[in-house]
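Student: Could you take me through the charged side-chain pairs in this model, with attention to where each partner sits along the chain? I would like one connected account rather than a list.

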Amino acid sequence: MGLWDKWMNKVIPKENTQKILRISYGVIWNVFLIFVVMALVGFSFAGGMGAGYFASLVKNERIRGYAEMKKDIYNYEETSEIFFDDTSYMGKLNSDLERKEVKLYHISPVLINAVIATEDQYFYQHNGIVPKAVMRAIFQEVTNSPVKSGGSTLTQQLIKNQILTNEVSFDRKAKELLLALRLEKFFDKKEILEAYLNIADMGRDRSGRNIAGVQTAAQGIFGMNAKNLSLPEAAFIAGLPQSPFGYTPFTNKGEIKQDLSPGISRMKTVLRRMYQQGFITEQELNKSLAFDVKSHLLKKRETASEKYPWLTSEIEKRAKMILLENIAKESGYSLSDLYKHKEQLAEYKALADKQLKQNGYRIYTTIHKDIFENMQQAAKDYHNYGRSLPAWKRDPDTGKKIRVMEPVEVGAMMIENSTGKILSFVGGRDHEREQLNHATSSLRSIGSTMKPLLVYGPAIEEGVIQPGTVIPDFPTKGYNPNNYDKAIHGLVSARKALAKSYNMAAVNTYKEIKASKPVTFLEKMGITSLTAEDKENDSLSIGAMHAGITVEENVNAYTTFANGGSFKDAYLIEKIESADGTPIYQHQKKEIRVFTPQTAYLTLDMMRDVIKEGTARSLLNKLSLKSDWAGKTGTAQNYDDAWFVASNPAVTFGTWIGYDSPKPLPRETYSQKSLGIWAKLMNAAYKAEPEIGAAKKSFKMPKGIVSRTFCSISGELSSNLCREAGLEKTDLFDSQHVPVKPDDSLIKGRYFTVNGKAFPASSNLPSEFLREGVMVKESLLERYGIKSASDLETLFPNNPEWSRLIVSEGGTILDDGKVPSPVTGIRFSGASLIWSTGKESDLIGYRVYSDPNGSGHFVKIGSLPADEQPSLSVGTARAIYYVTAVDAEGNESEPSSFTAGSLYTPPESSSGDNQGQAAIGTAPVGQ
């Protein structure tokens, strides 16, 4: 018996021991049962209250099905990407949040393990929530504990980001728990993990943009794909979601932060957790802890919007319009209908913008990368734009007007003829200074580049003119602009009028066809910005417009001629695909017949002369490529704008230069400098893509084009008189509009001249002063409204082309009623007798008389028209001479003084002093 038993027996008698134990056991057991029951009741009550409270929190949360949850979970923003015409990658469009979706099997297992170890170590074991973690989080929240350990699984974080909000409340948390449990029923762990890795916030990339998803983070921070990350790089990215902008290594400007310790410390925490959970070895841990993050960060590089600012903004603008049209069609609207409903239009535009920025589209453009880049560089390197001029601008910050120096700007557009693809453009010289796209958005008057589009092309199409048709380049009734050279060129061919860009000839032709509405040709060629006033003004024919058109519209219209008269609207976006490759949009080619192939070719052939011998004749010396070029220069009113547009069989290319605030260009700029920048850009494009030179090709002449000889004064079939006058020419014609009527505007006739002007012979005019030649009939003069002699200079200005044509003043010259004054200044010069020109207005010629024997009997030895040099070769004959003047009525003046030849010896000599002197006396005049 032990001491305890002995002591108990002594204190408590044995017979009482069992009784006491039974009583104590009973009391203790009953107390225990009471506490157990109370605990169960309390737990049940608390659980009931919790369940009731939980139910009250989620009572308004609808039951979501699989399809809806799938849509919500995978409905995350993804940045749209853009590509050049050869599908080479250009970059990404600007968006508030950049994201690139990636499949789980394209993510490094090391990165997956890092995320699991850091964010949810029981991910593969739980059913969406971890109760212990939830209770701990609730306790910390209720007790306002300074330590917040969190309790969200990856599933809960996915719910919070994709379905719910970041609101901190029990209501949101309860819904999160409910939806997390439901999500785990619908999706397997791989699907949940993939979705989370694509939506997690990751701070900023090297460009300073907000990013989400591990693929975007891997590319934007370390410059590689998520599948190629090293262990420390994966750990760094896995640590970002806890505090994306605290741990990110970059500022919002894309610069590396001075202090990277928060992110590096977080990376080390991730590595240690990976080691603790058995994902990596101690050796891997130690090696990774020494990783130099800063040296492995992505180097600074330009984004697509930084490198190609005008291009990316243009792509975005056009892509939105395509998506807007798709949305409208799905709703049963056309774009024209939609623009009548402003509120709905604004709603659809916002939706199109959202789709473009969030749906991760792949946008394939028509832009030729090398041509585009070469052109941008050439535009920057060109140093012959001209000087900057002052302008007043409104300061966006203060709202006050400030004085700035404004440079000459440039806009350029290149379009592939056969397809309508926009291969390249130049939006301006400096995007930071001026964001306006001068190729696609700037409206400017197009000057004489309008002439082929509105005047010559339509006039040929209407059968009104052909290249050889005679056009009056002088003022007529109504609007009459000056020519560039301030001169009047009279009757000119349509070909010459276009080559030399004569304004009056173009306006007169336009007046002739205006009733047939030639502006409809412009509308067919995609020019839509004309006002009602523009359409009524004759000045439209030379490019004067209320607002103007863009470089793109102008070049686009010119491709019509290169395409044989068919208009193919230019386009920039070839196709748009969804992120999974589903087609969203595909460009459909459409053609509109504007001109016949014959009209298109004839207009092109006329524009060839612009470059060969016209206003662009200096161009070929500036080009490094040989090709079949046809084009047109253009200068707007006041020299505010200078243009050049030209086509070869491959492409059509046009440039504009001018000031943003319209003001006259320097005189040395608007011609040679505009051709200079065109050549500079074209040479750059040719260097990038020699095929655009089409050096071995030329525009093909269609059937129905014939060559005909005609008279250039009337445009009718040539005649012998036309040939004699040197007016016969050969040119191309549409076989449907060849000349069939022989020329009858000329006549063979006799005439005389007075003061350089020709007059038809009169009955009393001495025949000795008449000439014979090819003359213009009065009917031709009447056709052009010539009613007075002074008007003849407008019809036939001083031009070598008319040198063999006699243009009569009409009628007879008026007699001044006086006998001509005697001729003065008669003398010898060598073997020639010379005298001074008479001053009478009706003087028609001179007669020369000689007395070879000194007998006093003079005979006429010659007659000379008054418009010739007053000189007659008489040799050294032994004779005496005098000269008389004759007027238009046949009146003859008194003889001039007498003079003798150097060898003359008088028949009677009284002294030696008289030898060699002429005898003085009278003689019967005209005998």
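Tutor: A helix is here a DSSP run of H or I with at least four residues, a strand is a run of E with at least two, and both are numbered from the N terminus. The model is a predicted one, and side-chain atom pairs count only at pLDDT 80 or more. With that in place, the structure holds 37 salt bridges, and three of the pairs can be followed in turn.

The pair that rests directly on the helix definition is D353 with K357, whose side chains meet in a salt bridge at 3.7 Å, N to O. Because D353 and K357 are four residues apart in helix α18, which covers residues 342-358, about one helical turn separates them. K357 has a relative accessibility of 22% and therefore counts as partly exposed, since the buried class ends under 20%.

The next pair spans a longer stretch of sequence: E98 forms a salt bridge with R209, and their closest N and O atoms are 2.9 Å apart. E98 belongs to strand β3 (residues 98-99), while R209 is in the loop between β4 (201-204) and β5 (210-212), so this pair ties together parts that are 111 residues apart in sequence. With a relative accessible area of 4%, E98 is buried.

The remaining pair joins D731 to R495 through a salt bridge in which the closest N and O atoms are 2.6 Å apart. It links distant parts of the chain, because D731 lies in strand β21 (residues 728-734) and R495 in helix α21 (residues 494-499), 236 residues apart. Both of these residues, D731 and R495, are buried. The pair also does not stand by itself, for R495 and D731 are linked with D605, R608, D609 and D628 in a network of salt bridges.

A polar side chain elsewhere makes a useful companion to these pairs, namely H438, which is placed in the loop between β10 (422-426) and α20 (450-461). H438 is buried, with a relative accessible area of 0%, and its side chain reaches two backbone oxygens, that of G427 at 2.8 Å and that of L436 at 3.2 Å. Once its neighbours within four places in sequence are left aside, the contacts of H438 include the acidic residues E409 and D660, together with others such as V551 and W656.

Methods. Residues numbered from 1 in each chain as written. Predicted model: local features only at pLDDT ≥ 70, side-chain atom pairs only at ≥ 80, totals over all residues. Heavy atoms only, no water. Buried < 20%, exposed > 50% of the residue type's maximum accessible area, 1.4 Å probe, protein only. Polar contact = N/O pair within 3.5 Å; in protein donor to acceptor, adjacent residues only side chain to side chain. Contact = heavy atoms within 4.5 Å. Salt bridge = Lys/Arg side-chain N within 4 Å of Asp/Glu carboxyl O.
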